[in-house]
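I opened this notebook to record, one entry at a time, what I looked up in the structure shown below. I begin with open space and then turn to how helices pack.

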Amino acid sequence: MKDWQKEIYFVAGIDQETVEKSQFLEQFLAKDVEVLYFTDPIDEYLAQNVGSFEGKKFKNIATENVQLKDEDDKDLATRREKYYKDKFKPLTKWLKKLYGMSVMRVVVSKRLVNTPAIASSAEFGHSANMERIMRAQAYSHGQHDISMRSMKIFELNPRHPLILRLLEGAPPEDDENFKVASEIEDAAWILHEMALLNGGFPLSDPDAHTKRMM
C-alpha cells in the first residue's frame, strides 16, 4: 500500500478478464495503486459485512467519492474542483434533465484519465456487479428486480474533447428557449449508454441504442 493510503481498494466483476478491462481502474493503473479483483459472487458480500482489515476499510472503486489522497497541493485541488464544477454546470444540469430518472445525478469527475464518462454507483447503494447478482437471484425466485437497481452517478471527464464539445452545445443556464442540436442530443445519449455498458449496467432500451449507433 502507498504511504498515504487509508483504504483497501477493490473492483468486482464476473471474471478476471472482465475486471481487468474496467474503466474504473484508469486512475489506479496510472498511479500504480494496487486494487483487489473480486470475481466470486460472495466477495462483495464479504467486503460489505467484514468492512475492514487491520484498520483499513474496503472501498469499491466502482462507487462515487473515490479519491486518491496523494496530491501535495490540497488548495490547488480544491480550486480546480470548484472551477470545473462552475464551468460545466450548464452541461451537468442539462444532462440530468435529459437522462431523467436513469441517473441520480451528473457530476464532474476527479478520477478519469482517458475515458469521457463513467456510470458509478452511489456510495451506499448497490454496485453494478451486486445488481447483476441480485437480479439473477430475483429472477430465479420469480421476484421483481426493481428494488435491486443501483443508484447511478454519471461522472464526466472535464478534459475530454467529447465532453468539451457537449458543453459547447448545451443550453446556457439563463436561456430556457435554447434548442439543442439533434446530433448533440444523440451524442449525449450514446455517451450515456456506453458509460452504462462499461460500468456493467444493462441498457433499458437496447433498440433505441442500436438505432442511434446505426
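Entry one, the largest pocket. Working from a predicted model, I looked up the largest pocket and found that it holds about 850 Å³ of space. Its lining is made of 31 residues, and those closest to the centre of the pocket are Gln67, Glu81, Val108, Ser109 and Lys110.

I then asked which elements each supply at least two residues of this lining. They are the helices α2 (26–30) and α4 (74–87), together with the strands β5 (105–108) and β7 (152–156). The largest share comes from α4, which gives seven residues to the lining. Sorted by class, the lining residues of this pocket comprise 14 charged, 11 nonpolar and six polar.

Entry two, α7 with α8. Next I looked up helix α7, residues 161–169, and helix α8, residues 182–198, whose axes come within 10 Å and cross at roughly 140°. Because of that angle, α7 counts as oblique to α8. The crossing in which α7 passes α8 is left-handed. On the α7 side the contact is made by Leu162, Ile163, Arg165, Leu166 and Gly169, while α8 brings Ile184, Ala187, Ala188 and Leu191. By class, I noted seven nonpolar residues in the contact of α7 with α8, along with one polar and one charged.

Entry three, α5 with α8. I also wanted to know at what angle helix α5, residues 89–99, packs with α8. The angle is about 75°, and the two axes lie 11 Å apart. The helices α5 and α8 are therefore roughly perpendicular to each other. Here α5 makes the contact through Trp94, Leu95, Leu98 and Tyr99, and α8 through Ile184, Glu185, Ala188, Trp189 and His192. The contact of α5 with α8 has seven nonpolar residues, one polar and one charged.

Looking back over the last two entries, I see that Ile184 and Ala188 of α8 are listed in the contact with α7 and also in the contact with α5.

How values were computed
Residues are numbered from 1 along each chain as its sequence is written. This is a predicted model: local features need pLDDT of at least 70, side-chain atom pairs count only at pLDDT 80 or more; totals for chains, interfaces and linings use all residues. Side-chain values use heavy atoms; hydrogens and water are left out. On a 1 Å grid over the protein atoms alone, a cavity is a set of points where a 1.4 Å probe fits but cannot get out, and a pocket is an open set with protein on both sides within 12 Å along at least five of seven lines; lining residues have an atom within 4 Å of a point. Grid points are joined across faces, edges and corners, and a volume is the space filled by probe spheres set on the points. Helices (H or I, at least four residues) and strands (E, at least two) are DSSP runs, numbered from the N terminus. Ala, Val, Leu, Ile, Met, Phe, Trp, Tyr, Cys and Pro count as nonpolar, Asp, Glu, Lys and Arg as charged, and the others, Gly among them, as polar. Axes are lines fitted to C-alpha atoms, for helices over the stretch in contact, and angles run from 0 to 180 degrees between N-to-C directions. Angles under 35 degrees count as roughly parallel, over 145 as roughly antiparallel, 65 to 115 as roughly perpendicular and the rest as oblique. A crossing is left-handed if the near helix is turned anticlockwise from the far one by less than a right angle, and right-handed if clockwise. Contact means heavy atoms within 4.5 Å.
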